[in-house]
Amino acid sequence: MSDPVHNLSDANRKALLQIARDSIAHGLKTRRPLKVEVAAQPKELQALRATFVTLDLHGDLRGCIGSLKASLPLAADVAHNAFEAAFSDPRFGPLTPAEFQDLEIHVSVLSPLEKMRFTSEADFLKQLRPGVDGILLQDGFMGGTFLPSVWEQLPKKEDFLAHLKMKAGLPMTYWSDTLTAWRYTTEYFPS
């Protein structure tokens, strides 16, 4: 699988992290995300890309919001998801100004989704690449995703899959012929 989103330049990584930080700061003042002038950005940041923005505070998750399919230019997607992670993640209240100064921001730029083909749970597990794959798992209206960074907490394939099923609203031991999955990789960089 080719990953055209990987290997952003250091300057563009820094620019995306600054856009994320600026969007959160703008949100603290206006309760709206920063409007990015896409045409003023480098070509690499104008490309349609899907991203996740993860916020950590003192080593603990403080918000994580993203998109799995590219629908916005990269710079605009980061601004939108940074704002949403800070103020709209349903697991947390809105970010406060006091929290902002200690906030760690992480950006994940996703490769396009690649549909996986498997014949059984054992076949699916055999295809997983720990530390590399992000997985989107769906069955009917139930679904969930784990970014590749989740492998750090769940390094065993069986644990990764069981917890992903739970996140998708399915029992940890669930398996069905109607289950579908897509893999993706990310270029992940912290502030």
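**Exercise 1. Placing Leu-16**

Task: Find which residues Leu-16 touches, not counting residues up to four places away in sequence.

Solution: Start at Leu-16 and set aside everything up to four places away in sequence; what Leu-16 then touches is Leu-8, Leu-45, Leu-74, Ala-75, Val-78, Val-109 and Phe-189. Keep in mind as you explore that this is a predicted model.

Next, place the residue in its element: Leu-16 is found in helix H1. Then look at its accessibility. The relative accessibility of Leu-16 is 0%, and buried means under 20%, so Leu-16 counts as buried.

Finally, compare sequence and space. His-106 is 90 residues from Leu-16 in sequence, yet their C-alpha atoms are 9.8 Å apart.

**Exercise 2. Two helices that pack**

Task: Describe how helix H1 packs with helix H3, and say which residues make the contact.

Solution: Two packed helices are described by the angle between their axes and the distance between those axes. Take the angle to begin with: H1 (residues 10-30) and H3 (residues 74-87) pack at about 45°. Their axes are 8 Å apart. That angle makes H1 oblique to H3.

Now add the handedness, which is right-handed for the crossing of H1 and H3. On the H1 side, the contact is made by Leu-16, Ile-19, Ala-20, Ser-23, Ile-24, Gly-27 and Leu-28. H3 brings Leu-74, Ala-75, Val-78, Ala-79, Ala-82, Phe-83, Ala-86 and Phe-87.

As a last step, sort these contact residues by character: 13 are nonpolar, 2 are polar and none is charged.

**Exercise 3. Phe-83 and Phe-87**

Task: Work out how the rings of Phe-83 and Phe-87 are arranged, and whether each residue is buried or exposed.

Solution: The structure holds 6 aromatic pairs. One of them joins Phe-83 and Phe-87, with 5.0 Å centre to centre and 45° between the planes, and this pair is tilted.

Where do these two residues lie? Both are in helix H3, 4 residues apart, which is about one turn of the helix. For burial, take each in turn: Phe-83 has 7% relative accessibility and so counts as buried, and Phe-87, at 12%, counts as buried too.

To finish, follow Phe-87 outwards. Leaving aside neighbours within four places in sequence, Phe-87 is in contact with Ile-24, Gly-27, Leu-28, Arg-31, Pro-94 and Leu-95. Thr-173 is another matter: it is 86 residues from Phe-87 along the chain, and their C-alpha atoms are separated by 34 Å.

**Exercise 4. An aromatic cluster**

Task: Classify the pair formed by the rings of Phe-118 and Phe-124, and find the residue that joins them in a cluster.

Solution: Begin with the ring centres of Phe-118 and Phe-124, which are 4.9 Å apart. The planes of the two rings stand at 70°, so the pair is edge-to-face.

Check burial next. Phe-118 is buried at a relative accessible area of 19%, and Phe-124 is buried at 0%. The cluster is completed by Trp-175, which forms one aromatic cluster with Phe-118 and Phe-124.

**Exercise 5. Under cover in H6**

Task: List the buried residues of helix H6 and some of the elements that cover them.

Solution: Helix H6 spans residues 157-167, and its buried residues are Phe-160, Leu-161, Ala-162, Leu-164 and Lys-165. Now look at what lies over them: the cover includes helix H5 (121-127), strand E5 (134-139) and strand E6 (142-146).

One last stop comes after the helix. H6 is followed by Gly-169, whose phi is positive, near 85°.

Terms used:
Residues are numbered from 1 along each chain as its sequence is written. This is a predicted model: local features need pLDDT of at least 70, side-chain atom pairs count only at pLDDT 80 or more; totals for chains, interfaces and linings use all residues. Side-chain values use heavy atoms; hydrogens and water are left out. Axes are lines fitted to C-alpha atoms, for helices over the stretch in contact, and angles run from 0 to 180 degrees between N-to-C directions. Angles under 35 degrees count as roughly parallel, over 145 as roughly antiparallel, 65 to 115 as roughly perpendicular and the rest as oblique. A crossing is left-handed if the near helix is turned anticlockwise from the far one by less than a right angle, and right-handed if clockwise. Contact means heavy atoms within 4.5 Å. Ala, Val, Leu, Ile, Met, Phe, Trp, Tyr, Cys and Pro count as nonpolar, Asp, Glu, Lys and Arg as charged, and the others, Gly among them, as polar. Rings of Phe, Tyr and Trp (its six-membered ring) pair if their centres lie within 6.5 Å; planes under 30 degrees apart count as stacked, over 60 as edge-to-face and the rest as tilted. Buried means under 20% relative accessible area, exposed over 50%, partly exposed in between (1.4 Å probe, protein chains only).
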